[in-house]
Amino acid sequence: MTNLLEVADAEFSYDGATTVFRQVNFQLKKGEILTILGPNGAGKSTLLSCISGFRNLVKGTVTLGGQDLSAVKGRKLAQMVGFVPQSQVRTFDFSVREYIAMGRAPYLGYGKTPSASDYAMVDAVMEQLNLTHLKDKVYTKISGGECQQVLIARVLVQDPQIIMLDEPVNHLDYGNQIRILKLIKRLSTEGYGIIL
């Protein structure tokens, strides 16, 4: 089975003097879950940012679907990699359904809005994740556990091959932690490559 993602000799520094991480090597295949563990400040979130294309490595390579990350930009990158951040600033009063529909942005032209088929996909994902009861609620007014599930739903309608989740159960109660971890396991069985 070919690798969805390959990281080779990755090294990163913010200031050019202090190295955050070096010699990071791993591969991710379809259906695999990879967990990156380390103490606070070890560079886990920074590594995910580099793999996602938000930051550039000082040394090493990231290969997505056989292509060097530097050659995969914009929409194509967003069609391949979905990212669920550790925390999200909730500013605008979109409905949950509208917010999840934003995951379709990599497939829309400039200034275009989601089509009926895009919303059908949103509705299907909301049903799959048991979020239908939230569809008309204001995104800024839902709980932390619900927000985390909505962020995952937005990534699912993005339809990437790889899903990266930065501390997906951080600040969640025990019940929601279990719910999110079961969801992540289920997504791996559906063929997504997942990095936590």
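These legends walk through a few close-up views of a predicted model.

**View A. Helix α5, residues 144-158****.**
Here's a helix of 15 residues that covers 21 Å between its first and last C-alpha. That is close to the 21 Å you'd expect at 1.5 Å a residue. Most of α5 is tucked away, with 13 of the 15 residues buried. Right after the helix comes Asp 159, and its phi is positive, near 60 degrees.

**View B. Two cysteines, Cys 50 and Cys 147****.**
Cys 50 sits at 1% relative accessibility, so it counts as buried, the cut-off being under 20%. Cys 147 comes in at 6% relative accessibility, so that residue counts as buried too. If you're hunting for disulfides, a search of the whole structure turns up 0.

**View C. Strand β1 alongside strand β4****.**
β1 takes in residues 3-13 and β4 takes in residues 59-64. The two run antiparallel, joined by 5 bridges. For a spot to zoom in on, try Val 7, which stands opposite Val 62 of β4.

**View D. The hairpin of β4 and β5****.**
β4 also pairs with β5, residues 67-68, through 2 bridges, and these strands run antiparallel as well. Leu 64 has Gln 67 in β5 as its bridge partner. What sits between the two strands of this hairpin? There are 2 residues there, and in this hairpin Gly 65 takes a positive phi near 55 degrees.

Key. Residues numbered from 1 in each chain as written. Predicted model: local features only at pLDDT ≥ 70, side-chain atom pairs only at ≥ 80, totals over all residues. Heavy atoms only, no water. Helix = DSSP H or I, 4+ residues; strand = E, 2+ residues; numbered from the N terminus. Expected span 1.5 Å × (residues − 1). Buried < 20%, exposed > 50% of the residue type's maximum accessible area, 1.4 Å probe, protein only. Disulfide = S-S within 2.5 Å. Pairing = 2+ DSSP bridges.
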